[in-house]
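Welcome! Have a look at the protein shown here, and then let us walk through some of its features together.

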Amino acid sequence: MKTFSTAILIQAAPEAIWQILTHAPDYPSWNTTVAKVEGRIALGEKITVHVKLAPGRAFPVKVVVFDAPRRMVWRSTMPLGLFTGERTYDLRSFGNGEVDFTMRESFTGFLAPLIAKSIPDLQPAFDAFAACLKARAERSPP
């Protein structure tokens with residue numbers, strides 16, 4: 001199983017961070033790794049993510065967990081579970097205005113070992129995503 005993850009402490013209310021994470025049209029304005037997010041980020045919805053790391057490619061995902069303002073999971077699957085990519089966003093509030101944000105993506109399934117060889121190192125993009133989220137959340141309200 002191939003996995004990427006990042007974590008960062010953010011000085012903001014979890015609700016404010018959640019609002020940023022779930023407002024698709026604004027992603028390009030605050031996140032240097034995302035070109036566009038199409039669709040509505042809500043439970044059961046399908047969205048399409050366009051990342052700068054892969055120009056011209058679109059990544060369709062479904063929002064399968066939406067536990068505001070704590071946890072969200074986006075999943076993309078191939079038939080019969082041959083390959084699954086799952087991205088999890090977790091926000092853990094310390095109750096003092098500080099939130100531990102973590103983002104993790106794992107790739108599983110029968111074809112995962114083969115497909116994972118073609119997946120580039122996403123760690124720099126994950127770290128940049130978290131840093132951009134922190135910068136946006138710690139600015140004045142959206």
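This report visits a pocket, some charged side chains, two backbone details and a few distances along the chain.

## A note before we start

Keep in mind that this is a predicted model. Every value below was computed from that predicted model.

## The largest pocket

Let us begin with an open space in the protein. The largest pocket holds about 800 Å³ of space. It is lined by 32 residues, and those closest to its centre are Phe59, Arg87, Glu105, Phe107 and Leu122. Try finding these five in the 3D view.

Which parts of the chain build this lining? At least two residues each come from the strands β3 (46-51), β4 (59-67), β5 (71-77), β6 (84-93) and β7 (98-108), and the helix α4 (123-138) also supplies at least two. Strand β6 gives the largest share, with four residues. As for chemical character, 23 of the lining residues are nonpolar, five are polar and four are charged.

## Charged partners

Side chains of opposite charge can pair when their charged atoms come close. How many salt bridges does the structure hold? There are eight, and we can look at some of them.

Start with Arg71 and Asp90, which form a salt bridge with their closest N and O atoms 2.7 Å apart. This pair connects distant parts of the chain, since Arg71 sits in strand β5 and Asp90 in strand β6, 19 residues apart. Is Arg71 buried or partly exposed? Arg71 counts as partly exposed because its relative accessibility is 37%, and Asp90 is also partly exposed, with a relative accessible area of 23%.

Another salt bridge joins Glu38 and Lys36, where the closest N and O atoms are 3.4 Å apart. Glu38 has 35% relative accessibility, so it counts as partly exposed. Lys36, at 38%, is partly exposed as well. Asp100 and Arg92 also meet through their side chains in a salt bridge, at 3.4 Å from N to O. Here Asp100 is buried, because its relative accessible area is 16% and the cut-off for buried is under 20%.

## A buried charge without a salt bridge

Now turn to Glu98, a residue of strand β7. Glu98 is buried yet has no salt bridge. The nearest side chain of opposite charge belongs to Lys134, and it is 7.0 Å away. A salt bridge needs the nitrogen and the carboxyl oxygen to be within 4 Å, so Lys134 at 7.0 Å does not make one with Glu98.

Which residue does the side chain of Glu98 contact instead? The side chain of Gln11 joins that of Glu98 in a polar contact of 2.7 Å.

## Two backbone details

Most residues other than glycine have a negative phi, and most peptide bonds are trans. Two places in this chain deserve a look with that in mind.

The first place is the peptide bond from Ala68 to Pro69, which is cis, with omega near -15°. Pro69 is located in the loop between β4 and β5. The second place is Leu80, which has a positive phi of about 65° although it is not a glycine. Leu80 belongs to the loop between β5 and β6. With a relative accessibility of 84%, Leu80 counts as exposed.

## Along the chain and across space

Finally, let us set sequence separation beside distance in space. Leu21 lies in helix α1 (residues 14-21), and this leucine is buried, with a relative accessible area of 0%. How far apart in space are Leu21 and Phe126, C-alpha to C-alpha? They are 14 Å apart, while 105 residues separate them in sequence.

Gly44 is in the loop between β2 (34-38) and β3, and at 40% relative accessibility it counts as partly exposed. The C-alpha atoms of Gly44 and Phe101 are separated by 23 Å, and the two residues are 57 residues apart along the chain. Lys52, found in the loop between β3 and β4, is partly exposed, with a relative accessible area of 45%. From the C-alpha atom of Lys52 to that of Lys36 the separation is 8.8 Å, with the two lysines 16 residues apart along the chain.

Notes
Residues are numbered from 1 along each chain as its sequence is written. This is a predicted model: local features need pLDDT of at least 70, side-chain atom pairs count only at pLDDT 80 or more; totals for chains, interfaces and linings use all residues. Side-chain values use heavy atoms; hydrogens and water are left out. On a 1 Å grid over the protein atoms alone, a cavity is a set of points where a 1.4 Å probe fits but cannot get out, and a pocket is an open set with protein on both sides within 12 Å along at least five of seven lines; lining residues have an atom within 4 Å of a point. Grid points are joined across faces, edges and corners, and a volume is the space filled by probe spheres set on the points. Ala, Val, Leu, Ile, Met, Phe, Trp, Tyr, Cys and Pro count as nonpolar, Asp, Glu, Lys and Arg as charged, and the others, Gly among them, as polar. Buried means under 20% relative accessible area, exposed over 50%, partly exposed in between (1.4 Å probe, protein chains only). Lys and Arg count as positive and Asp and Glu as negative; His and the chain ends are not counted. A polar contact is a pair of N or O atoms within 3.5 Å; within protein, one must be able to donate a hydrogen and the other to accept it, and residues adjacent in sequence count only if both atoms are side-chain atoms.
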